[in-house]
Amino acid sequence: ASEPFNRPNSSSSSFILVGVPSSEAFPTCWGILFCSGYIITLVGNGVVLLVIGLNDSLRDPIHLFLAMLAIIDVVMVTSIVPKMLSIFWLKSTEIGYMACFVQMFLVHSTTSVESGVLLAMAVDRYVAICHPLRYQAILNHQTIAQIGLAIVVRALLFIVPLTGMVTNLPYCRSRVVPHSYCEHMAVAKLACADPRPSGLYSVTGSSLIVGMDMAFIAVSYGMILKTALRKRSCWKAFSTCGCHLCVLLLYYVPGIVSIYAQQFGSGVSVHAQVLLADLYLTLPTMLNPIIYSIRTKQIRQAVLKLL
């Protein structure tokens, strides 16, 4: 596994994924944990997509954004968990060169898209509470499609150069990636060239995307708070935003910690960094549909009706 390869563009080249470092004695337990989370994610997001698709009353903008979120969550976990399970249960640690970079592209593009969708949902709540009479006119289906396209284009503009930078690095060191999936910094560190430009681009781009989205979300909720406090039904306004706030905290807090731990966390063990990155990708995708099903009355009633 430690033999070098000097032909990074060769189809025979591959990397070795470790899984969770320093936890080789518990592969079955890790496999059961991530498999259970994967099943819950598929079932939960599948049910959300099904009830939105079957109910015409759930075709309003917030539920269309929720459907986008469910699709992204499924793509995100499907890009990493099946390979993780093959590592834990089948000892199939090898991943092809191109497969590694395809996985890297899917993981990092979906995380960027998810941040954009969360911002769009915050804007939706702002329009619904602050401009309720113009809600349908502002957020019509054409506008939603344009928002979705803009979110995807932004993610591609960020991730395509990053993937190109990591792909073009000459790999002539160990093939062993101390990670559960092809995390770009873990792969770039295996190159015999300086990986710092790609790392700097990644941190800068991620910080700009996350920082910009969080700033706009904060402004949206600030205006929602200002409007709600002037109304008698302020508690109702806050309750409609409750599940979205839970999802925001669940996504951004572990994500920010994971990004900076990977880049600057020299004092953080590799074991902790890998677990944090794995949970950052799997835990929100598993809990998002549960949060929305419990806290959103329309979704909850539609799920009970379906059952």
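A cavity here is a set of grid points where a 1.4 Å probe fits but cannot get out. Keep that in mind, as cavities take up much of this talk.

What you see above is a predicted model. Confidence comes before anything else. The mean pLDDT is 84, and 88% of the residues reach 70 or more. Residues 1-12 are the stretch to watch: pLDDT there is below 50, yet the stretch has 26 contacts in the model beyond near neighbours in sequence. Where pLDDT is low, the predicted coordinates should not be read in detail.

Now the fold. The protein has 11 helices and 3 strands. Starting at the N terminus, the order is β-α-α-α-β-α-α-α-β-α-α-α-α-α. There are 307 residues, and 51% of them are buried. Take contacts between residues at least 6 apart in sequence: 79% of these join residues at least 24 apart.

On to the interior. In soluble globular proteins, nonpolar side chains tend to be buried together. How many residues does the largest nonpolar core have here? It has 60, and Ile52, Leu69, Leu118 and Met121 have the most contacts inside it. Helix H4, residues 97-130, gives the most to this core, with 12 residues. Look at Met121. Setting aside neighbours within four places in sequence, Met121 contacts Ile62, Phe65, Leu66, Leu69, His244 and Tyr292. There is also a second, separate core of 22 residues, with Leu17, Ile95, Tyr97 and Leu162 among them.

Stay with helix H4 for a moment. Asp124 lies in this helix. Is Asp124 buried or exposed? It is buried, with a relative accessible area of 0%. Beyond residues up to four places away in sequence, Asp124 touches Pro61, Ile62, Phe65, Tyr135 and Leu139. Take the pair with Ile62: the two residues are 62 apart in sequence, but their C-alpha atoms are 6.4 Å apart in space.

Back to empty space. The count of cavities of 30 Å³ or more is 2. The largest has a volume of about 390 Å³. It is lined by 28 residues, and the closest to its centre are His108, Thr111, Ser206, Ile259 and Tyr280. Which helices supply at least two lining residues each? H4, H6 (141-167), H7 (184-188), H8, H9 and H10 (270-295) do. H9 has the largest share of that lining, 8 residues. By class, the lining of the largest cavity splits into 15 nonpolar, 12 polar and 1 charged.

The second largest cavity has a volume of about 40 Å³. Its lining is Asn45, Val48, Leu66, Leu69, Ala70, Asp73, Asn288, Pro289 and Tyr292. Some of these names you have heard already: Leu66, Leu69 and Tyr292 are among the contacts of Met121. Helices H1 (27-54), H2 (61-78) and H10 each supply at least two residues of this lining. H2 gives the most, with 4 residues. The classes come to 6 nonpolar, 2 polar and 1 charged.

Next, an open site. The second largest pocket has a volume of about 170 Å³. What lines this pocket? Met214, Ile217, Ala218, Tyr221, Leu245, Leu248, Leu249, Tyr252, Val253 and Ile256 do. Helix H8 (196-229) and helix H9 (234-264) each supply at least two of these residues. H9 gives the most, with 6 residues. By class, the lining of this pocket has 10 nonpolar residues, no polar and no charged. Helix H9, then, leads in the lining of this pocket, and H9 also has the largest share in the lining of the largest cavity.

One backbone detail to finish. Lys91 is not a glycine, yet its phi is positive, about 60°. Where is Lys91? It sits in the loop between helix H3 (81-90) and strand S2 (94-96). Lys91 is exposed, with a relative accessible area of 56%. Set that against Asp124, buried at 0%.

To recap the main items. The model is predicted, and residues 1-12 have pLDDT below 50. The largest nonpolar core has 60 residues, with helix H4 as its main contributor. The largest cavity has a volume of about 390 Å³, and the second largest pocket has a lining with no polar and no charged residues.

Definitions and conventions:
Residues numbered from 1 in each chain as written. Predicted model: local features only at pLDDT ≥ 70, side-chain atom pairs only at ≥ 80, totals over all residues. Heavy atoms only, no water. Core = buried A, V, L, I, M, F, W, Y, C linked by side-chain atoms within 4.5 Å. Buried < 20%, exposed > 50% of the residue type's maximum accessible area, 1.4 Å probe, protein only. Contact = heavy atoms within 4.5 Å. 1 Å grid on protein atoms, 1.4 Å probe; cavity = no way out; pocket = protein on both sides within 12 Å on 5 of 7 lines; lining within 4 Å. Points joined across faces, edges and corners; volume = space filled by probe spheres on them. Nonpolar A, V, L, I, M, F, W, Y, C, P; charged D, E, K, R; others polar. pLDDT = per-residue confidence, 0-100.
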